[in-house]
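Open the model in your viewer and keep the selection tool at hand. The stops below say what to select and what is found there.

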Amino acid sequence: MSLPLERLQAMFAAALTDGGDATRTLADFVVPAPCLLDRLALYRGNVRAAWAKALANAYPVVRTLVGEEFFSALAHSYGREHPSISGDLNRFGAQFGVFVRDFPQTQALPYLRDVAELEWCVHRAHYAVDGAGIRHERITSMAPGELLASHVALHPACAWTASAFPIVSLWLAHQPDSSEPMPAKLDRREFALVVRPRWRVEVLVSSAGEIAALAQLQAGSDMECAIGAALGVEPRFDFPRALVRWLDHAILTDIRSGLPGAVCGSG
């Protein structure tokens, strides 16, 4: 009696990722032959190579930090624990940061997880849909009260992350043709802001206030509430300077007038 197709596919996938008793697996759908084990091994090698290639594309800095050989082993272990659930391999590394954090052999590199989280933000930003930034003239034409009560949309590529380590400095130092030096000390907190003003993703050093403001705006709060959130964590937060930066990097893509006195987070 033949097995259902779904069952055969699941068994074949397990044989590719696990590499256990392949002979028994093959016996369930064809007559075993020595060449079949070799063919299955080729498939298995291609799968592992695809894992490593997909992760190297998303995490080039992590790959550089740990070395190619170790990264390949890391990719193999990750693939077995987090098999791809999408036909798009660009989504394969979504859990890699958490995996790196818990992987026994990476415990001596506590900053590696945060670097991976930043790289995933960069990776996602690269494939995000386009968005046209608000022009400076649109903002300067607004009365102060109108601006404070306004709600904005953020560019789909915009993302941020915070770390107890200098992850932006580490990322910048490992870019192609970079002249940025490696950070002298690793015990320095940094906030990373990922943007894509045009076609190229950029990583900017941010601050607690800027991240708090952008988080409020993303949640639907008006500009005044966002400023209040920023000042709550960074008393010297410079809103005019931040606003110019957001416009220069196309972080704000839409603006809607609101009612003065609206409750924070009300959208």
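Select helix H7, residues 112-127. In this predicted model, H7 contributes six residues to the lining of the second largest pocket, the most of any contributor. The volume of that pocket is about 250 Å³. Its lining has 14 residues, and those closest to the pocket centre are His-123, Arg-124, Ala-125, Tyr-127 and Ala-128. Show them as sticks. Colour the whole lining by residue class and you should find nine nonpolar residues, two polar and three charged.

Keep H7 selected and turn to the largest pocket. H7 also supplies the largest share of that lining, with five residues. The space in the largest pocket comes to about 600 Å³. How many residues line the largest pocket, and which lie nearest its centre? There are 20 lining residues, and Val-122, Trp-171, Gln-175, Arg-200 and Val-201 lie nearest the centre.

Next, add the other elements around this pocket. Helix H3 (34-58), helix H4 (60-66), helix H10 (167-173) and strand S4 (202-206) each give at least two residues to the lining, as does H7. By class, the lining holds 11 nonpolar, six polar and three charged residues.

From S4, move to its partner strand. Select S3, residues 190-195. S3 and S4 are paired antiparallel, with five bridges between them. The two strands make a hairpin, and six residues lie between them. For one point of contact, pick Val-194, which is opposite Val-203 in S4.

Now add strand S2, residues 159-163. S2 is likewise joined to S3 by five bridges, and these two strands run antiparallel. To see one of the pairs, select Thr-161, whose bridge partner in S3 is Ala-192. S3 is therefore a strand to view with both S2 and S4 displayed, since two strands count as paired if there are at least two bridges between them.

Finish on S3 alone, with its side chains shown. Are its residues buried or exposed? Six of the six residues of S3 are buried, so the strand is mostly covered, with buried meaning under 20% relative accessible area. Look along the strand to separate its two faces. Glu-190, Ala-192 and Val-194 point one way. Phe-191, Leu-193 and Val-195 point the other way, and the residues on both faces are buried. Two of these residues have appeared already: Ala-192 as the partner of Thr-161, and Val-194 opposite Val-203.

Technical notes
Residues numbered from 1 in each chain as written. Predicted model: local features only at pLDDT ≥ 70, side-chain atom pairs only at ≥ 80, totals over all residues. Heavy atoms only, no water. 1 Å grid on protein atoms, 1.4 Å probe; cavity = no way out; pocket = protein on both sides within 12 Å on 5 of 7 lines; lining within 4 Å. Points joined across faces, edges and corners; volume = space filled by probe spheres on them. Helix = DSSP H or I, 4+ residues; strand = E, 2+ residues; numbered from the N terminus. Nonpolar A, V, L, I, M, F, W, Y, C, P; charged D, E, K, R; others polar. Buried < 20%, exposed > 50% of the residue type's maximum accessible area, 1.4 Å probe, protein only.
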